[in-house]
Amino acid sequence: MKRSLVGIAIATGVAFCGVQVLETLPELPAIGTEVVAHASDEDKIVDSGTLGSCPWTLTADGTLHVQSGELPVAAKLYDNYVTPFCDIQIREGGDHNNLKFNTISFEGKITTPPNASFLFAGFLSATTQIKHWEKLDTSASTNFSYMFFNSNQDKIDVSGLDTKRATNMHGMFSSTNLIEGYKNMDTSNVTDMGEMFENYGYDDNPASLDLSTFNVDKVNDDKSSNNFGYTVPGGFYRMFGMSNIKSLNIGNWTPKIPLDAMFEGSDVSRISKLTVSSQENLTKSELLGPDTTADKDPDTYTGKWENINDQYLRPNNPDKTTYTTDELTTKYDGSTVAAGDETYQWEPTVTPGNPVTIHYVDQDGKMIQADTQLPGALEAKYTIKPAAIKGYQYVGITEGSLTGTYTSDPQSVTLTYKVAPVTPVTPGGNDNNDSTGDQGHTPVIAKKDRAITAVKKLGFYRTPDFSKKTRQYYYDKQKRTLRPQFVITGVARSKSGLKRYLVRDVTPGSKRYGMTGYITAKRSFTVHTYYQHNPKRVKVILGTNIYRDKALKHRVRHLKRGTVLHVKKIVRYHLTTRLVLNNDSFVTSNKTKVIEK
């Protein structure tokens, strides 16, 4: 990965206690080793101390456990900055090539100081990873400049960062690889976004950034200190310089200054899809286009930009307008008053046809597998082979045709299946079966529109083919009342034939509420959110109410935690079930609210 000149200067001082830093610090006394008898490496404490006001212990397995407190500011030595964790490195006799700990685990509320610049910069060893970013409390911080510069973390989850006081985000994610949760950041008071995503992303796997939620109204072009005793341009200067980004959404922005030099420093273009708002001035942004890409094969791109709404029109179509990069940036000069965003992309030499969408339904018209799309070139022929779906038999077509020609208009084909004979599922089966039943009772096959709850750490993926690249998020294992909840909206299979559930997050209060993705269909990972059998007696574990009807309307009274209820029967209501009490009133059967006694 390339580094800018400023980045190189920073790396020199942030390289986790380089030689210069080691020579300037006083000699530290030897520290004894405390060993807990008969303990595993996870329990053996080999060192301890305090970082700011955060107590820490280092265990023999290489984990640095950091407890509640406030971190100190990054140290400034000879105009260079080093992360606060550097001091612990020195005490252990380590350097950035010989780390004495490979994991930093935040195990309490970790507060960052007002000046949080460089706090996690310079983790040059990819083997040193930070766990539990969600425990970081940044509510008192205003300066986030270079906070994660060159951190080399596999991923950094900033979804929990409180940035409402942030004014400086200069270089915040410069030279990082994968940031999650950035859409949740409050940038309404930020005045400097220079170099914020410079050199961001992997060379071999360019990233996609959707920054349309960013408020950039207060970003100005004042000079900004970069904490090295001199000033560099602020504003949007080199915000995406040298970045490895393929798709960038800066729509919905209403900047008060031009986006000058936003892409400065890039030698070839990697951004092949760009969403912009009509109020942005791109004239001096130094955006590069497909004519400067490293892949200059004329059989791939025409060298022009096209509006994504015209992507299925041929280059010579009179209804289609294409743009050179200069023409596109001139079009957005900040003077346009019309509202709305537009998305542009590199125009391919071979015009694609509008993909054919394939629907998979049962004889009642209900979806039994996630839709797929069959792409192809405009006017090329297509042939659809009905997919084999476990548990179903193909019947025929209810819409469209199995053969046809790609056009510029969307087409769809609906394949209908009937249920095949199913071998009954018995309790205690293999984890690879397709059931998500209640423990101790006959499993019920999970199907579309059924609500389920995660009971283990669970991966959430963009596609049925699970990999690090397709993973959107990990849901940690939670106590019963906080478990993630989902509704199955479809069923799919990976390329290797493993069954997956297409789900929607319906966890109350979740930051990912409404998001869709794929999870494993293994029974050991999920259970039904609602009881599927009559539990006879339940105990309230999270305050809930008794209602007069099964729609849970017309509340009778509130139930406190610990209340024991006698259940007469269970009834189904839409995607859920309800518990009917002896007096014919109703209570939810959600397992995060009540538990069987």
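This is a guided tour of a predicted model, moving from the whole chain to its salt bridges, its charged patches and one loop glycine.

Begin with the whole protein in a cartoon view, where four helices and 40 strands can be picked out. Of the 597 residues, 48% are buried, and the protein exposes about 28000 Å², with carbon and sulfur atoms supplying 49% of that area. Among contacts with a separation of 6 or more, 64% join residues 24 or more positions apart.

Next, turn to the charged pairs, since side chains of opposite charge can pair when their charged atoms come close. The whole structure contains 13 salt bridges, of which three are visited here.

Select Glu306 and Lys320, whose side chains meet in a salt bridge with an N to O distance of 2.6 Å. Glu306 belongs to strand β18 (residues 301-307) while Lys320 sits in the loop between β18 and β19 (322-323), so the bridge ties together parts 14 residues apart in sequence. Are these two residues buried or exposed? Glu306 is buried, at 1% relative accessibility, and Lys320 is buried as well, at 8%.

Move on to Asp210 and Lys183, which form a salt bridge whose closest N and O atoms are 3.4 Å apart. Because Asp210 lies in strand β13 (residues 207-210) and Lys183 in the loop between β12 (179-180) and β13, this pair ties together parts that are 27 residues apart in sequence. Asp210 is partly exposed, with a relative accessible area of 21%, and Lys183 is partly exposed at 43%.

Now select Glu264 and Arg238, which meet in a salt bridge at 3.7 Å, N to O. The pair links distant parts of the chain, with Glu264 in the loop between β16 and β17 and Arg238 in the loop between β15 (231-233) and β16, 26 residues apart. Glu264 is partly exposed at 22%, whereas Arg238 is buried at 12%. Add Glu198 to the selection, and a network of salt bridges linking Glu198, Arg238 and Glu264 comes into view.

For the surface, select Asp221, Asp222, Asp260 and Glu286, which form a negative patch. Within that group, Asp260 is in the loop between β16 (245-249) and β17 (273-277) and is partly exposed at 33%. A positive patch is formed by Lys479, Arg537, Lys539, Arg561 and Lys597; Lys597 is in the segment after β40 (594-596).

Finish at Gly340, in the loop between α4 (325-331) and β20 (341-348). Leaving aside neighbours within four places in sequence, Gly340 contacts Val276, Ser277 and Ser278.

How values were computed:
Residues are numbered from 1 along each chain as its sequence is written. This is a predicted model: local features need pLDDT of at least 70, side-chain atom pairs count only at pLDDT 80 or more; totals for chains, interfaces and linings use all residues. Side-chain values use heavy atoms; hydrogens and water are left out. Helices (H or I, at least four residues) and strands (E, at least two) are DSSP runs, numbered from the N terminus. Contact means heavy atoms within 4.5 Å. Patches are made of residues with over 30% relative accessible area and no salt bridge: like charges are joined within 9 Å, nonpolar side chains (Val, Leu, Ile, Met, Phe, Trp, Tyr) within 5 Å. Accessible areas come from the Shrake-Rupley method with a 1.4 Å probe; for residues, only the protein chains shown count as cover. A salt bridge is a side-chain nitrogen of Lys or Arg within 4 Å of a carboxyl oxygen of Asp or Glu. Lys and Arg count as positive and Asp and Glu as negative; His and the chain ends are not counted. The place of a charge is taken as NZ of Lys, CZ of Arg, CG of Asp or CD of Glu. Buried means under 20% relative accessible area, exposed over 50%, partly exposed in between (1.4 Å probe, protein chains only).
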